[in-house]
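This report describes the architecture of a two-chain model, moving from its loops to its helices, its core and the contact between its chains. The sequence and structure are shown first.

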Amino acid sequence: MTSLYPLIILLPLLGAMVIGLGGLMSPAFRKNEGLIGALATAMVGIPFLLVAYAFFTFGGEKISIELFTWMQAGNLEIGFNYQLDELSLLMGMIVTGVGMLIHLYSIGYMHGDQGYYKFFAYLNLFIFAMNNLILGDNLVVMFLGWEGVGLCSYLLIGFWYSDMLKAEAAQKAFVANRIGDFAMLIAMFLIYQGLGSATEMVSLSFSEIIHHDFGDSTFWIALLVFIAATGKSAQIPLFVWLPDAMAGPTPVSALIHAATMVTSGIYLIARMHPIFEASPEVLAIIVVVAALTAVIAAFTAIAQHDIKKVLAYSTVSQLGFMFMALGAGAYITAIFHVMTHAFFKACLFLGSGSVIHAMEHMHTVDDPQDIRTMGGLRKYMPSTGTTFWISTLAISGIIPLSGFFSKDEILASLFFFGEGFDLYKVIYIVGMFTAMLTAFYMTRVTMLTFEGEERFPDEKKPHESPAIMTIPLWVLAALAVVGGFLGLPVFLGEELNWIGHGWLEHVIHSEHHHAIHEHAHANETIEYILVAASALIAILTVFFTRNFYSKNGLAADEKVKNFFGGFYKTMEGKFYFDEFYQRTIIGPFKWLGENVIAWCEEYIVDGVVKGISDGVANIGDVFKRLQSGLVSNYILIISLGVILMLTFLIFG
Amino acid sequence: MEFLTPNAYTYLSVAIVMFALGAIGVMTRRNGIIVFMCIELMLNAVNLSLITFSKMHAVAGAEGVPHPGANGSMLVFFVMCVAAAEAVVGLSIIIALFRNRLDIDINNVNIFKW
């Protein structure tokens with residue numbers, strides 16, 4: 001069985017190549033949707049089974065897969081090596097499991113699309129890249145995956161590239177990610193510099209990195225890795241690409257922009273946590289940035305009318321929660337939230353896809369994603385509606401669904417991080433407030449979509465999606481319900497907290513995490529009060545919002561607008577981040593390009609090139625006169641040359 | 001008449017004169033066939049000098065050399081063979097040129113001029 005593990009990485013690549021090349025070569029293959037869909041799903045399903053086998057038979061020893069040496073230069077030796085340890089296996093289960101479900105769903109969702117084969121080729125390529133990212137044993141293989149998922153994200157956001165807006169969204173995502181990738185590269189150089197001066201052979205493997213003391217550059221490495229993570233995992237200041245990324249097909253939003261790729265920054269920080277442990281300043285930066293991101297995105301989500309935009313900002317906000325956990329040193333909790341979030345957010349996105357699918361078939365609706373033209377959909381789409389409700393309750397933190405446990409653990413980590421009133425207590429309050437906003441906007445979007453009066457102006461009624469789309473919804477909803485029980489709170493008994501105590505603590509040793517647990521243990525009464533408070537707030541908010549929206553319908557939005565007053569405009573305008581970047585960065589760059597660089601281009605760059613070519617032509621004009629075309633002249637010159645040479649040979 | 005007795009210098013003098021005539025002819029004449037003949041003249045001059053040197057440096061009666069100077073003579077035959085083949089090619093070029101342009105003045109064949 002162990003010898004089959006390389007297939008986890010190779011099969012998705014094989015699938016991408018076969019489907020992509022097959023579709024390019026043969027029009028018959030291109031039309032065979034059943035074959036393409038089944039093949040693509042199998043190429044993720046088999047790796048999922050292998051990961052599951054490794055997961056359930058895992059004996060505590062890290063499994064290494066060494067394929068071949070990739071590059072060797074001086075004291076640097078990078079191998080194509082993968083590792084299966086507790087963290088990789090958990091991430092692998094999420095990526096291949098959720099990935100498989102979304103492949104299955106896409107068979108129904110993408111039915112009849114022109115680029116059907118292309119879509120599945122990209123999706124398989126994404127799984128390959130993501131597997132590289134989470135299973136890679138060294139930074140370089142990880143980086144291969146890191147760039148690979150960025151590329152696939154770009155390809156899939158711009159999947160319907162004939163629409164200029166979608167193509168621009170793809171470019172925006174790519175450019176924003178490049179900024180983070182650049183920080184990642186510099187971090188890698190610093191790590192190599194640190195390791196190279198200490199050890200003889202450098203393989204940049206994670207085990208090497210986390211056991212090395214980088215001294216003064218620890219702070220910079222941690223900060224740069226975090227900047228890289230803000231790009232991929234959509235935090236301030238680089239999060240602006242994620243809401244626009246919703247231009248891609250909805251399964252893509254579910255897989256890449258909610259469940260897997262955007263969590264890679266959290267994975268990376270958890271993987272390299274000793275470096276962050278050693279730089280508390282960076283942890284403080286992380287927690288502040290994360291809290292700002294979470295609360296700003298939550299406010300923005302309240303004022304959006306596009307169902308996918310709401311979910312996108314909700315994702316940004318939830319990623320903020322994960323980073324808050326990282327900032328408190330509770331890496332295991334962050335990974336726990338990654339897992340539960342993957343379940344309910346993938347389910348929400350797939351549910352919204354199902355809704356969009358239904359709305360698209362009703363041709364009188366202008367924008368199939370606008371919740372103002374929906375309403376009352378649960379009657380027509382019972383499976384989608386029910387699973388959407390379950391996931392909404394889960395993300396809102398209703399006890400005992402998965403979101404409650406992970407979110408509560410994050411909040412508890414923030415509260416018990418230090419003693420007395422400090423920065424982390426402020427962050428805790430912000431987090432609590434954001435959790436309330438989350439419950440509000442998620443209930444709002446669900447109520448406006450699935451409940452209340454029907455606002456679509458159509459005789460033709462929307463219909464439920466086919467079973468191939470609803471089955472993944474039900475599986476994910478079920479996971480969203482039970483997922484939380486993998487990480488029951490520690491105060492109920494350490495052995496019940498499987499994800500931390502039973503599993504991840506073997507790879508993630510965090511001083512902060514221990515301190516948090518000790519503080520919590522010492523103040524059990526406070527802990528009970530906090531849990532009860534957060535459970536109560538969630539339930540009350542959901543209950544209140546439900547009643548508010550069922551009583552007022554769409555008019556409730558007006559009341560919300562009045563309640564927020566002038567601030568609502570800012571929320572609706574997404575806090576003007578795009579406009580800010582347009583004015584401060586993009587605008588000046590364009591001005592520079594049009595005025596200064598264009599001049600340099602014409603007179604300096606072109607000038608040098610043209611000067612060289614003109615010079616050569618002029619010299620040629622002079623010397624071409626030697627070619628008189630008279631044979632006798634040539635012979636005369638040859639003879640003179642021979643005489644000259646002989647003279648030198650004989651008399652010289 | 002001591003100086004009329006042929007020796008190596010006499011032969012070489014003839015070769016030099018022939019070569020010089022040929023070279024001057026190639027450089028000054030414009031008729032393609034004459035130029036070609038001049039080239040042949042130069043070639044023969046070289047042949048003559050080769051055979052002269054061969055005879056001059058041959059060591060008579062040396063061990064294992066039955067016919068001193070025979071190597072040079074053999075080489076000259078090779079040169080003549082190659083020259084004959086070259087003459088065929090050269091003349092056919094001149095004929096082809098004539099057929100195309102009704103003119104074998106090489107100064108008019110200046111298509112390689114800038």
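## Loops with unusual backbone geometry

A:Pro400 lies in the loop between H17 and H18 of chain A. The model is a predicted one, and in it a cis peptide bond joins A:Ile399 to A:Pro400, with omega at about 5°. A cis peptide bond also links A:Ile236 and A:Pro237, where omega is about 10°. A:Pro237 is placed in the loop between helix H9 (218–232) and H10 of chain A.

The loop between H9 and H10 of chain A also holds A:Ala234. Phi of A:Ala234 is near 55°, a positive value in a residue other than glycine. A:Tyr576, likewise not a glycine, has a positive phi of about 55°; this residue sits in the loop between helix H25 (567–572) and helix H26 (577–623) of chain A.

Are A:Ala234 and A:Tyr576 buried or exposed? A:Ala234 has 31 C-beta neighbours inside 10 Å and therefore counts as buried, the cut-off being 20 or more. A:Tyr576 has 12 other C-beta atoms within 10 Å, so it is exposed, the cut-off there being 12 or fewer.

## The two chains

The table sets out summary values for each chain.

| Chain | Helices | Strands | Buried share | Residues |
|---|---|---|---|---|
| A | 27 helices | two strands | 51% buried | 652 residues |
| B | three helices | zero strands | 8% buried | 114 residues |

The C-alpha trace of chain A spans about 110 × 65 × 55 Å along its principal axes. Of the contacts in chain A between residues at least 6 apart in sequence, 80% join residues at least 24 apart. In chain B, residues 24 or more positions apart account for 51% of the contacts with a separation of 6 or more. The elements of chain B run α-α-α from the N terminus on.

## Helices of chain A

Helix H11 (residues 250–259) of chain A has 10 of its 10 residues buried, so it is largely enclosed by the rest of the structure. The buried residues run from A:Thr250 and A:Pro251 through to A:Ala258 and A:Ala259, and include A:Ser253 and A:His257. Which helices of chain A do the buried residues of H11(A) pack against? They pack against H4, helix H5 (116–135), helix H6 (139–157), helix H10 (241–244), helix H15 (307–327) and H16 of chain A.

Helix H20 (residues 467–482) of chain A offers a check on helix geometry. At 1.5 Å a residue, its 16 residues should span 22 Å, because the expected span is 1.5 Å times one less than the number of residues. The end C-alpha atoms of H20(A) are 22 Å apart, which agrees. The buried residues of H20(A) include A:Met469, A:Pro472, A:Leu473, A:Leu476 and A:Leu479. Among the elements covering the buried residues of H20(A) are helix H4 (86–109), helix H16 (331–360), helix H17 (382–396) and helix H18 (402–415) of chain A.

Two packed helices are described by the angle between their axes and the distance between the axes. Helix H23 (residues 524–552) and helix H24 (residues 555–564) of chain A pack at an angle of about 120°, and their axes are 7 Å apart. That angle makes H23(A) oblique to H24(A). A:Phe548, A:Tyr549 and A:Asn552 of H23(A) make the contact with A:Ala555, A:Ala556 and A:Lys559 of H24(A). By class, the residues of this contact are four nonpolar, one polar and one charged.

## The nonpolar core

The largest nonpolar core has 210 residues. The residues with the most contacts inside this core are A:Val225, A:Met324, A:Ile335, A:Ala346 and A:Leu476. H16(A) supplies the largest share of the core, 18 residues.

What does A:Ala346 contact, leaving aside its neighbours within four places in sequence? A:Ala346 is in contact with A:Val98, A:Ile102, A:Ala254, A:Ala258, A:Ala259 and A:Leu476. Of these partners, A:Ala254, A:Ala258 and A:Ala259 are among the buried residues of H11(A), while A:Leu476 is one of the buried residues of H20(A).

## The contact between the chains

Chain B contributes 10 residues to the contact and chain A contributes 11 residues. The side of chain B that touches chain A has six nonpolar, three polar and one charged residues.

Technical notes:
Residues are numbered from 1 along each chain as its sequence is written. Chains are lettered from A and ligands numbered from 1 in the order in which they are written. This is a predicted model: local features need pLDDT of at least 70, side-chain atom pairs count only at pLDDT 80 or more; totals for chains, interfaces and linings use all residues. Two residues are in contact if their C-beta atoms, placed from the backbone, lie within 7 Å. Ala, Val, Leu, Ile, Met, Phe, Trp, Tyr, Cys and Pro count as nonpolar, Asp, Glu, Lys and Arg as charged, and the others, Gly among them, as polar. Helices (H or I, at least four residues) and strands (E, at least two) are DSSP runs, numbered from the N terminus. Axes are lines fitted to C-alpha atoms, for helices over the stretch in contact, and angles run from 0 to 180 degrees between N-to-C directions. Angles under 35 degrees count as roughly parallel, over 145 as roughly antiparallel, 65 to 115 as roughly perpendicular and the rest as oblique. A nonpolar core is a set of buried Ala, Val, Leu, Ile, Met, Phe, Trp, Tyr and Cys residues joined through C-beta atoms within 7 Å.
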